[in-house]
Amino acid sequence: MKFKSKKIAFSVFPVLFFAFATLGTICAQSLPSDMPHLIKKDGRHVLIVDSEPFLILGGQCGNSSAWPEMLPNLWKVMEDMHANTLEIPIYWEQLEPIQEQYDFSMIQTLLDQAQEHHMRLVLLWFGTWKNGSNHYMPVWMKKNAAKYPNITGKDGKPVDSPSPHSQATLQADCHAFAQFMGYLKKADTHHTVIMMQVENEPGTWGSMRDYSANAQKLFEQSVPKTLLNSAVLKQLNIPAGTKGTWSEVFGNRADEYFHAWSVASFIEQVAKAGKAVYPIPMYVNVALRDPLTNPMATEYESGGATDNVIPIWKVAAPSIDLLAPDIYLQGDEKVLKVIDLYARDDNALMVPETYSNTKYLYSIISRGICYSPFGVDTRWRQAGNIKNSVADEYKILSPMSRQLAKWSFEGRTYAVIEPQDHSEQRIGLGNWEAVITFENGGHFGPAQDKSKLQSATGKVLIIKLNDDEFITTGINCHITFVPIGINKGKAWQYLQVKEGRYEEGQFKATRILNGDQTDWGGPSIGEEPVLLDITLTTR
Ligand code: DGJ
């Protein structure tokens with residue numbers, strides 16, 4: 001085993017034992033305990049890797065980087081970033097270049113090199129769908145369009161998107177994916193691969209569904225009974241007891257919902273075939289729609305697991321553990337709404353792709369199992385910006401990623417971002433309330449002129465270790481506290497504020513902050529994140 005063994009000083013096992021033994025739902029009941037798996041308790045989720053909580057602080061490579069000669073640069077980028085997990089594609093066209101002849105060499109290379117670099121892997125199955133198209137199907141399939149058809153648009157013209165109604169495509173994908181998972185099961189004895197993404201942003205751009213004669217026949221049939229379950233209909237805002245054809249039940253949403261059902265049902269078969277061989281957690285990533293305005297599916301990728309069709313996906317694809325939003329939307333309101341929509345009791349929040357701006361990092365990891373910027377070896381390098389904010393953040397967070405996963409699962413993590421109006425934010429922490437103000441630069445002196453601020457970059461992550469002790473990190477902010485609850489009205493002071501880092505599962509102080517560093521409205525954090533351990537006391 002080449003992974004560094006990371007000793008956790010305070011044991012997480014009592015927590016896990018409790019989760020296993022009582023309320024926790026183990027998603028794959030019959031797994032040996034060291035298989036990667038997800039656990040749920042009290043509406044929160046955690047990924048377990050090597051029997052302990054694991055937070056993916058990842059990076060996704062560019063689409064064409066999973067080739068041997070690209071890897072040295074990629075590992076360097078990932079190490080410079082202090083990431084713990086590489087998300088990297090497995091191309092169907094590379095795996096099965098000739099029908100039924102498989103080339104597993106790239107997978108073996110990835111497993112070997114990931115272990116050398118102490119990195120975990122999330123593998124992305126670029127199969128039938130890649131961003132709604134069939135572009136990663138092997139050449140022998142692309143050459144046989146009659147057997148492996150694309151969608152027919154409403155106007156009768158072909159659309160650059162595979163049909164989810166093709167049995168030949170489904171069989172070929174299930175077969176290839178199961179072969180791949182079979183190899184992985186044998187080769188990956190160290191659980192280097194911790195999750196599988198099945199397809200990539202599946203769905204269709206440019207048509208709400210397949211309008212071919214075959215698809216039309218299916219569309220005119222009754223909606224399947226499993227989807228007419230009253231709990232599901234309620235989530236879709238349809239009155240209980242409604243039944244009939246897709247159009248009768250879902251009105252002007254029928255085309256999109258039918259397509260979501262069809263794509264999800266296809267992917268269920270692929271995931272099921274893979275899990276029958278090797279059941280590690282599997283997810284589907286999503287090209288999002290505007291979460292605030294309920295647009296029609298002509299405005300976004302139809303059939304993918306957008307927020308409005310999550311209930312359909314959950315029924316159609318039970319082998320998919322979670323639906324994962326790729327967050328490229330701009331604007332606090334939209335991004336925070338997406339986080340709310342995908343952090344569900346039945347869905348662990350995972351963000352497998354996002355831009356390199358880290359504003360929402362804490363908001364995501366305080367409630368989720370994965371954060372991962374996209375194109376780490378392409379965009380940033382081209383922009384000459386390899387040392388970026390992600391690296392600064394991961395440098396602090398990676399050594400404590402196991403603890404962060406555990407704390408999030410226990411409901412101890414809180415995050416806020418600086419709003420556009422720079423107004424102060426408050427976080428209730430039991431008998432203390434954290435009051436966070438934002439002044440770019442984070443000086444200990446008086447506040448800067450807010451009219452000079454370019455943008456709202458501030459943010460804070462607070463972890464409640466116990467009633468009076470809080471681990472905190474942030475950017476461009478001041479943090480102070482107000483006694484509330486049983487502390488209300490009492491005099492108080494900082495008992496101690498330590499700055500430091502996590503090592504071997506424990507906070508290691510590099511200095512104690514006092515005087516100017518705590519007296520002027522509480523500790524301040526500037527452009528670079530730092531880690532604080534703050535203990536408060538009443539007098
Ligand atoms: C989302 C896709 O899932 C990625 O593979 C990549 O194509 C990015 N978009 C490009 O921004």
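Which residues does E301 touch, not counting residues up to four places away in sequence? The points below address this and other features of the structure, which is a predicted model.

1. **Surroundings of E301.** The contacts of E301 are N131, G132, E201, P202, G203, T204, W205, A287 and T306, with residues up to four places away in sequence left out of the list. E301 itself is placed in the loop between β11 and α11. Its relative accessibility is 1%, so E301 counts as buried. One of its contacts, G132, is 169 residues away along the chain, yet the C-alpha atoms of E301 and G132 are separated by 7.4 Å.

2. **Surroundings of A240.** A second loop residue, A240, may be read beside E301. A240 lies between α8 (230–235) and α9 (246–250). With a relative accessible area of 58%, A240 is exposed. Not counting residues up to four places away in sequence, A240 touches S230 and L233. The C-alpha atoms of A240 and S230 are 5.0 Å apart, and the two residues are separated by 10 residues along the chain.

3. **Positive phi at H118 and E199.** Most residues other than glycine have a negative phi. H118 is not a glycine, and its phi is nevertheless positive, at about 55 degrees. H118 is located in the loop between α4 (105–116) and β7 (120–130). The relative accessible area of H118 is 35%, so this residue is partly exposed. E199 is likewise not a glycine and has a positive phi, of about 70 degrees. E199 belongs to strand β10, residues 193–200, and is buried, with a relative accessible area of 0%. A reader inspecting the backbone may wish to view both places: a loop for H118 and a strand for E199.

4. **Aromatic pairs around W492.** The count of aromatic pairs in the model comes to 23. Among them is the pair of W432 and W492, which is edge-to-face, with 5.7 Å from centre to centre and 65 degrees between the planes. W432 lies in strand β17 (residues 432–437) and W492 in strand β21 (residues 492–503), so this pair ties together parts that are 60 residues apart in sequence. W432 counts as buried because its relative accessibility is 0%, whereas W492 is partly exposed, with a relative accessible area of 24%. W492 also pairs with Y494: the ring centres are 5.2 Å apart and the planes stand at 75 degrees, so that pair is edge-to-face. Y494 has a relative accessibility of 17% and therefore counts as buried.

5. **Aromatic cluster and charges over rings.** F219, W246, F250, Y257, F258 and W261 are linked by ring pairs into a cluster. F219 has a further partner: the charged end of R209 sits over the F219 ring, 3.7 Å from its centre. Elsewhere, the charged end of K459 sits over the ring of Y362, at 4.7 Å from the ring centre.

6. **The buried face of helix α12.** Which residues of helix α12 (residues 332–342) are buried? They are D332, V335, V338, I339 and Y342. Viewed down the axis of α12, these buried residues fall within an arc of 135 degrees, so they line one face of the helix. They pack against β11 (282–287), α11 (310–316), β12 (322–326), β13 (349–351), α13 (361–365) and β15 (413–417). Two of these partners, β11 and α11, are the elements on either side of the loop that holds E301.

7. **Cavities.** Rolling a probe the size of a water molecule over the atoms shows where empty space is left. Searching the whole structure yields two cavities of 30 Å³ or more. The second largest has a volume of about 40 Å³. Its lining consists of H45, V46, L47, F54, G368, I369, A405 and S408. At least two lining residues come from each of β3 (44–49), β14 (368–371) and α16 (401–409). Which element supplies the largest share of this lining? It is β3, with three residues.

Key. Residues are numbered from 1 along each chain as its sequence is written. This is a predicted model: local features need pLDDT of at least 70, side-chain atom pairs count only at pLDDT 80 or more; totals for chains, interfaces and linings use all residues. Side-chain values use heavy atoms; hydrogens and water are left out. Helices (H or I, at least four residues) and strands (E, at least two) are DSSP runs, numbered from the N terminus. Buried means under 20% relative accessible area, exposed over 50%, partly exposed in between (1.4 Å probe, protein chains only). Rings of Phe, Tyr and Trp (its six-membered ring) pair if their centres lie within 6.5 Å; planes under 30 degrees apart count as stacked, over 60 as edge-to-face and the rest as tilted. A charge sits over a ring if NZ of Lys or CZ of Arg is within 6 Å of the ring centre and within 35 degrees of the ring normal. Contact means heavy atoms within 4.5 Å. The arc is that of the directions from the helix axis to the C-beta atoms. On a 1 Å grid over the protein atoms alone, a cavity is a set of points where a 1.4 Å probe fits but cannot get out, and a pocket is an open set with protein on both sides within 12 Å along at least five of seven lines; lining residues have an atom within 4 Å of a point. Grid points are joined across faces, edges and corners, and a volume is the space filled by probe spheres set on the points.
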